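This briefing is meant for a reader who is meeting the structure for the first time. It begins with the surroundings of the ligand and then turns to the protein chain and its loops.

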Amino acid sequence: MSEQGLSIGVMASGVGSNLQAIIDACAEGRVRGQVVLVISDKPQSGALDRARRHGIPTVHLDPKAFDSRESFDTECASQLSKYKVDLVVLAGYMRIVTTALIHPFEHRIINVHPSLLPAFPGMNAARQALQAGAKVAGCTVHFVDETLDQGPIIAQAAVSVSEDETETSLGDKIHSEEHRILPEAIRLFGLGRLQVDGRRVRILKEPQGIPR
Ligand code: GRF
């Protein structure tokens, strides 16, 4: 980690409100660090616009230009390494990542998912929660491993499902909790307070250093 704190690389496909929450947390000093690179697989991603507005370097990579998921991820890993990223954050990144990205960043890559994992992994998590009749929904920040949305859990927040809840209203509630717990997870990572112990992540009182 440099003198300026954590160098964060963000990968995003969508509107980028979680990216914005990270940028704001860095600007306000809640996270000691900065977003040094934003990668998107979507040229029109709002995340790329937000990054440009904040003077953050951006890279758009077109998956169709690569012959496999692995070669695409190898290029992502190489871009992230070029910018000396300490932590990779998948913030609304809609592609499944492979070992080509996971291995170089083991225990240094996290994802935010709009459900209380291990319930409702995969797409349309808010819809899944509603269809299942859940009374409580929420979001999870977890380390990324080779499983889909099942890596060690760092932080979660719950929201209650009201009687007249719609997929949109539930999605909005979950989104605002994501904006709170994702920067908090990054803050704890930056302080070296996350220790991965099998499937559990222990939040230490004292720093133990950042995984390398
Ligand atoms: C978030 O709900 C995230 O959990 C999911 O995609 C959404 C991205 O939102 N994976 P945004 O682009 O950060 O606004």
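## The ligand and its surroundings

In this predicted model, the shell of residues around the ligand is made up of three nonpolar residues, seven polar ones and one charged one. The ligand takes up the space of the largest pocket, and the points below describe which parts of the protein meet it there.

**Residues of the shell**

- The residues found around the ligand are G14, V15, G16, S17 and N18, together with G92, V112, H113, P114, H175 and E178.
- Three elements each contribute at least two residues to this shell, namely helix 1 (17-27), strand 5 (109-113) and helix 6 (167-190).

**Polar atoms facing the ligand**

- In the side chain of E178, an N or O atom lies 2.4 Å from an oxygen atom of the ligand.
- H175 also offers its side chain, with a polar atom placed 2.9 Å from an oxygen atom of the ligand.
- N18 takes part through its backbone, where a polar atom is 2.9 Å from an oxygen atom of the ligand.
- Of the 370 Å² of accessible area that the ligand has on its own, 85% is covered by the protein.

**The protein chain as a whole**

- Six helices and nine strands make up the secondary structure elements counted in the protein chain.
- The C-alpha trace of the protein chain spans about 50 × 45 × 35 Å along its principal axes.
- The radius of gyration of the protein chain is 16 Å, which agrees with a compact globule, because a globule of 212 residues would be expected to have a value near 17 Å.

**Backbone details in two loops**

- The peptide bond that joins L117 and P118 is cis, with an omega of about 10°, and P118 belongs to the loop between strand 5 and helix 5 (125-131).
- K84, a residue other than glycine, has a positive phi near 50°, and K84 is located in the loop that runs between helix 3 (69-82) and strand 4 (87-90).

How values were computed. Residues are numbered from 1 along each chain as its sequence is written. This is a predicted model: local features need pLDDT of at least 70, side-chain atom pairs count only at pLDDT 80 or more; totals for chains, interfaces and linings use all residues. Side-chain values use heavy atoms; hydrogens and water are left out. A residue is near a molecule or strand if one of its heavy atoms lies within 4 Å of it. A polar contact is a pair of N or O atoms within 3.5 Å; within protein, one must be able to donate a hydrogen and the other to accept it, and residues adjacent in sequence count only if both atoms are side-chain atoms. Accessible areas come from the Shrake-Rupley method with a 1.4 Å probe; for residues, only the protein chains shown count as cover. On a 1 Å grid over the protein atoms alone, a cavity is a set of points where a 1.4 Å probe fits but cannot get out, and a pocket is an open set with protein on both sides within 12 Å along at least five of seven lines; lining residues have an atom within 4 Å of a point. A molecule sits in a cavity or pocket if more than half of its atoms lie within 2 Å of its grid points. Helices (H or I, at least four residues) and strands (E, at least two) are DSSP runs, numbered from the N terminus. Ala, Val, Leu, Ile, Met, Phe, Trp, Tyr, Cys and Pro count as nonpolar, Asp, Glu, Lys and Arg as charged, and the others, Gly among them, as polar. The radius of gyration is taken over C-alpha atoms; the globule rule is 2.2 Å times the number of residues to the power 0.38.
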